[in-house]
Amino acid sequence: MMRAAGRLTGLFTSGNRSWAAQLLLLLPALALMGVVYLGGLLIFGRYSFDLYENGRMVRDWNLDTYRAFLGDPYYWKLIGTTFRVAALVTFWSLLLAYPLAYVIAGLKSPGIKQTLLLLTFLPLLVSAVVRSYGWQLLLSRQGFINWLFIRLGLTDSGFEMMYNETGVVVALVHIFLPFMVFPLLNVLTQTDGTLKAAAHDLGAGKWRTFFTITLPLSARGIASGVQIVFTLCLTAFTTPQLIGGGRVMTLPVLIYQRTLDTNWPMAAVASLFLFASSILVSLFVNKGADWLMFRRTRTGGQKHA
Amino acid sequence: MRRGNRNYKWVLYTFAGLIGLYLLLPLLMILLTSLSSGSASKFPPEGLTLEWYSKLGEQKQFLEAFRNSMIASAGAVLLALVTGTLAALAIVNYSFPGRGLLRAFFMSPMVMPKITLGVAYLILFSKMHIAGGLFALILGEAVIVLPFVLSIVGSALANLNPVHREAAADLGAGPLKIFFTVTLPQLKLSLLLAGSIAFVFTFDQVETALLILRQGSYTLPIQLFLYMEKWQDPTVAVVSVVLIAFALALFFAIKLVIRTAPGLDTLAGGRQNKGGPKT
């Protein structure tokens, strides 16, 4: 009885106290995010309306920098490079990650499975700078890959693979492959084995089972892998800068260089464009996957009816 | 039929092995280069030597950079753990208007391009007159790893059974006492998980640190990055090998702790169950 009474009074007073408690709990995170994150981004965003003339910034409120960015074919070429590299990396990592995830998901021996998993995720623990350095060594004129190519008789003097898009793509695939393997592994391990067995019993061959059962069931994983790798690629800086050596211009490299030149208005506009395009790509891939899956289930349903 | 099946498996395994090799190749190459006697990175190396390792002691800047990295990462992770856990308590336990929006705001650094954040930090911290130092980097990195803490600790909190907390309350414990004696011990594992992921992430952060920091407070990746742009001797390889060894040691230490600590399975299982009905 006493306790019930205590609870009742607690109910009445707790309204106020929980408000205070909530605010107190949220305050540190709000202060950090509000000042450092939102504050920083707002000040940076404000610079996009300034002008940059004759090597110095002019405080203003106009859209000239936006016009300069969107109207200049140089920037469009650069945007094209950024998207082309991202698309190539996404394509190759999907092509390599799918069989790898498929093998890992299907392995029965826990020892080999653990080893392959470690091998896949180990690169994630190593700094992008270190991995880019490894690729610099491999891809350089006198590096291992060229030595291999010469040995195989493919070339006499070696290919130029550093400081161009090829090198950047090869290194970026290495860096982002784990991000593609993880979502694929997630869906492939959940896929029900009985469905495959049923298809097999009904006379479907290996390939047919794969294309009608396994691949459609892993569409969700493919979509999230593509989304993650594509957006990470669009915003990747370290590898294009180190492997590209300033000769492969992507948006993040441009933002870095403009910042060093203290052309903050242009850096701000390019940043805004980069952010907007990575959000748009995410939405697009998500909607696309939803649409594909919806269409599949609907046509499937109609066939049954 | 049987033979075809085996062949097909064999092809798949070879392919997976080749991809594994591709993943390992740069790390192996770095190891080889760190042992090569020539100063230029050339394959095959002229000879093998440990000379570059013994010279590492002379490179004071890398040692200092390692110390800076440790300070900055530890600081940022601690800051993110404290603020993130407190925020997760509020977001999970109370429902208030705009809760979803607030959560989305706290999670948004994940999708923000790091280079954009780097420039924003540079401008902000210059205006606050703290640019160039480790304190600025700690603040900036804490924002970047806050989403990890919020999502991992938040989902652990949501899966906690309220019975224990209610029992403690019925026995007369105040909210603070309940947090420190009941909730915090239950969160130990997810805090460790969030902390270690965040630590690895901040330790390797390039974009923000490169723009904020000045000479003298460079972290290890930045020191390497700038060294690589100027010189090409095997010192970089030696430092990289040390870094890889450090990452491996960290990984196995975390794995050991997680394996000895009970309850991770229930944590993961609980999350899967929660996701189940939605799909």
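## The second largest cavity

Three helices of chain B each supply at least two residues to the lining of the second largest cavity: helix H3 (60-93), helix H6 (134-159) and H8. H3(B) gives the most, with 3 residues. The model is predicted. About 60 Å³ of space lies in this second largest cavity.

Which residues line the second largest cavity? They are Ser69(B), Ala72(B), Ser73(B), Leu137(B), Glu141(B), Thr202(B), Phe203(B), Gln205(B), Ala209(B) and Thr219(B). Sorted by class, this lining has 4 nonpolar, 5 polar and 1 charged residues.

## The largest cavity

Rolling a probe the size of a water molecule over the atoms shows where empty space is left. How many cavities of 30 Å³ or more are there? The count is 4. The largest cavity holds about 70 Å³ of space.

Residues from chains A and B line the largest cavity. Chain A supplies Leu125(A), Val126(A) and Ser127(A). From chain B come Val200(B), Phe203(B), Asp204(B), Leu243(B), Phe246(B), Ala247(B) and Leu250(B). Two elements give two or more residues to this lining: helix H8 (175-203) and helix H11 (235-260) of chain B. H11(B) gives the most, with 4 residues. By class, the lining of the largest cavity has 8 nonpolar, 1 polar and 1 charged residues. Phe203(B) belongs to the lining of the largest cavity and also to that of the second largest.

## Chain A

What is the secondary structure of chain A? It comes to 13 helices and 2 strands. The chain has 305 residues, and buried residues make up 47% of them.

Now take the contacts in chain A with a separation of 6 or more. Residues 24 or more positions apart account for 67% of them. Chain A exposes about 15,800 Å². Carbon and sulfur atoms supply 67% of that area.

## Chain B

Chain B has 12 helices and 0 strands. Read along the sequence, its pattern is α-α-α-α-α-α-α-α-α-α-α-α. There are 279 residues in chain B, and buried residues make up 48% of them.

Among the contacts in chain B with a separation of 6 or more, residues 24 or more positions apart account for 71%. The exposed area of chain B is about 13,800 Å², with 67% of it from carbon and sulfur atoms.

## Lys55(B), a closer look

Where is Lys55(B) placed? It sits in helix H2 (residues 51-55) of chain B. Is Lys55(B) buried or exposed? Neither label fits, because its relative accessible area is 32%, while buried means under 20% and exposed over 50%. Lys55(B) is therefore partly exposed.

Lys55(B) and Val238(B) are 183 residues apart along the chain. Their C-alpha atoms are separated by 9.6 Å.

## Aromatic pairs

A pair of aromatic rings is described by the distance of the centres and the angle of the planes. How many aromatic pairs does a search of the whole structure find? Over all chains, there are 29. One of them is formed by Tyr37(A) and Phe105(B). The pair is tilted, at 5.9 Å centre to centre and 50° between the planes. Tyr37(A) lies in helix H1 (residues 2-47) of chain A and Phe105(B) lies in helix H4 (residues 99-107) of chain B, so this pair joins two chains. Tyr37(A) has a relative accessible area of 3%, so it counts as buried.

Trp135(A) and Tyr22(B) form an aromatic pair too. This pair is tilted, with 5.5 Å centre to centre and 50° between the planes. The pair crosses between chains. Trp135(A) is in helix H5 (residues 128-139) of chain A, and Tyr22(B) is in helix H1 (residues 2-34) of chain B. Trp135(A) is buried, at 1% relative accessibility. Tyr22(B) is at 17% relative accessibility, so it also counts as buried, since the cut-off is under 20%.

## An aromatic cluster

Ring pairs also build a cluster in chain A. Which residues do they link? The cluster holds Phe69(A), Tyr74(A), Tyr75(A), Trp76(A) and Phe273(A).

How values were computed. Residues are numbered from 1 along each chain as its sequence is written. Chains are lettered from A and ligands numbered from 1 in the order in which they are written. This is a predicted model: local features need pLDDT of at least 70, side-chain atom pairs count only at pLDDT 80 or more; totals for chains, interfaces and linings use all residues. Side-chain values use heavy atoms; hydrogens and water are left out. On a 1 Å grid over the protein atoms alone, a cavity is a set of points where a 1.4 Å probe fits but cannot get out, and a pocket is an open set with protein on both sides within 12 Å along at least five of seven lines; lining residues have an atom within 4 Å of a point. Grid points are joined across faces, edges and corners, and a volume is the space filled by probe spheres set on the points. Ala, Val, Leu, Ile, Met, Phe, Trp, Tyr, Cys and Pro count as nonpolar, Asp, Glu, Lys and Arg as charged, and the others, Gly among them, as polar. Buried means under 20% relative accessible area, exposed over 50%, partly exposed in between (1.4 Å probe, protein chains only). Contact means heavy atoms within 4.5 Å. Accessible areas come from the Shrake-Rupley method with a 1.4 Å probe; for residues, only the protein chains shown count as cover. Rings of Phe, Tyr and Trp (its six-membered ring) pair if their centres lie within 6.5 Å; planes under 30 degrees apart count as stacked, over 60 as edge-to-face and the rest as tilted.
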